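Student: I would like to test some labels against their definitions. Can we take them one at a time?

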Amino acid sequence: MSLYAPSLNYLWKVVSGFGLDPQPLFEQAGVDISLRLDVSARVSAQQLDDIVWHAKQLSHDDAFAFKLAAQLHPSYLGALGYAWMTSATLRKAFERLSRYTSLVYDELRVPLADRDGEFHVAIESDESGLHDPALRERGKMAIAVQLCRMVYGESFNPTRIGFRHPVASNVAAYYEFFRCQLDFDAEATELVMPVAVADEELPGFNPQLVHTFDELIIEYLRQRDRNDIVGRVRGAIFEELPSGEASLEKTASMLNMSSRSLARKLADEGQSFKGLLTEVRRELAEKYIRDRSLTLTEISFLLGFAEISSFSRAYKGWSGSSPSAHRESLLSHTRSG
């Protein structure tokens, strides 16, 4: 498990802001301080935990995690940070975070769900071996809320926040930062907001820029996972779909290998190009159908289908219902909620 090294530059500046010397903390964790300026470098999750833990102890500040989040800047998250800043809505921003979270932090998972008129953002990661799992939990959630305020505005307040860990001694700092209902000893670490807030268009939305940043993210992940043939093929399919040219031959050409070689490499991983194409299409279809700004014809195009009827047949085969019926059921559920 690893972390995007330039995000440590953020931690370096925050620690300095507490009047502490960050260099010994980085050296103690075995982190070369020059890596915080290297966009191609990664550091381990354990090294991050060591730095945060010791910095918090030296700060003697129970609100350390919240002050850490308050100084977040999109540049510390690379292209993903700027893609977040130019996303159309908070839902779109979190979908992007959920899809590309491995760019910043391998171990992080961000499942999303709509329930009873509310948008739920869960934040999951492996907490084994951490100095203080509760500190990590509140830090991740504080960063998520701060990211929302960066694009929505300071008026953003969640409906409620769930923490799996018990209430902390500094509970006042929690309420001061999150400004909402807090549920401790909850089943999941999650942020909840009204669907209307999640789908409100953000002032910084820029479709051209966000597309550019998405391309940068995909390229970064492709370079990073160049030995991961399944990941590389999925990334290539994602790019090819809107052009309608997602094929074994086209993908093999993009990856600088023959069709036969690519098929053999996928078979060695228990995969096939056809299976991955279907998998990517299905995943994207579920996301696009929830986006009411996209027509079914536009979704068909984005998924590489020549005709909407082809998309409808494929979707019915995947889910048992037509895309129009599934969208209507989602809308009905939202209205009833």
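Tutor: Start with contacts in this predicted model. Leaving out residues up to four places away in sequence, A88 touches E200, E201, L202 and F205.

Student: What makes these count as contacts?

Tutor: Contact means heavy atoms within 4.5 Å, so each of these residues has to meet that cut-off with A88. A88 and N206 are 118 residues apart in sequence, yet 7.3 Å apart in space, C-alpha to C-alpha.

Student: Where does A88 lie?

Tutor: A88 is in the loop between α5 (78–85) and α6 (90–100).

Student: Why is A88 called buried?

Tutor: Its relative accessible area is 17%. Buried means under 20%. Therefore A88 is buried.

Student: Next, the helix pair. What makes α14 roughly perpendicular to α16?

Tutor: Helix α14 (residues 273–289) and helix α16 (residues 308–319) pack at about 95°, with their axes 11 Å apart. Angles of 65 to 115 degrees count as roughly perpendicular, so the label fits.

Student: Which residues make that contact?

Tutor: From α14 come T278, R281, R282, A285, E286 and I289. From α16 come F311, Y315 and W318. By class, five are nonpolar, one is polar and three are charged.

Student: Now the largest pocket. Which residues lie nearest its centre?

Tutor: R96, H211, D214, Y288 and L302, out of 23 lining residues. The space inside is about 720 Å³.

Student: Which helix supplies the largest share of the lining?

Tutor: α10, with six residues. The lining has eleven nonpolar, three polar and nine charged residues.

Technical notes:
Residues numbered from 1 in each chain as written. Predicted model: local features only at pLDDT ≥ 70, side-chain atom pairs only at ≥ 80, totals over all residues. Heavy atoms only, no water. Helix = DSSP H or I, 4+ residues; strand = E, 2+ residues; numbered from the N terminus. Buried < 20%, exposed > 50% of the residue type's maximum accessible area, 1.4 Å probe, protein only. Axes fitted to C-alpha atoms, helices over the stretch in contact; angles between N-to-C directions. Parallel < 35°, antiparallel > 145°, perpendicular 65-115°, else oblique. Nonpolar A, V, L, I, M, F, W, Y, C, P; charged D, E, K, R; others polar. 1 Å grid on protein atoms, 1.4 Å probe; cavity = no way out; pocket = protein on both sides within 12 Å on 5 of 7 lines; lining within 4 Å. Points joined across faces, edges and corners; volume = space filled by probe spheres on them.
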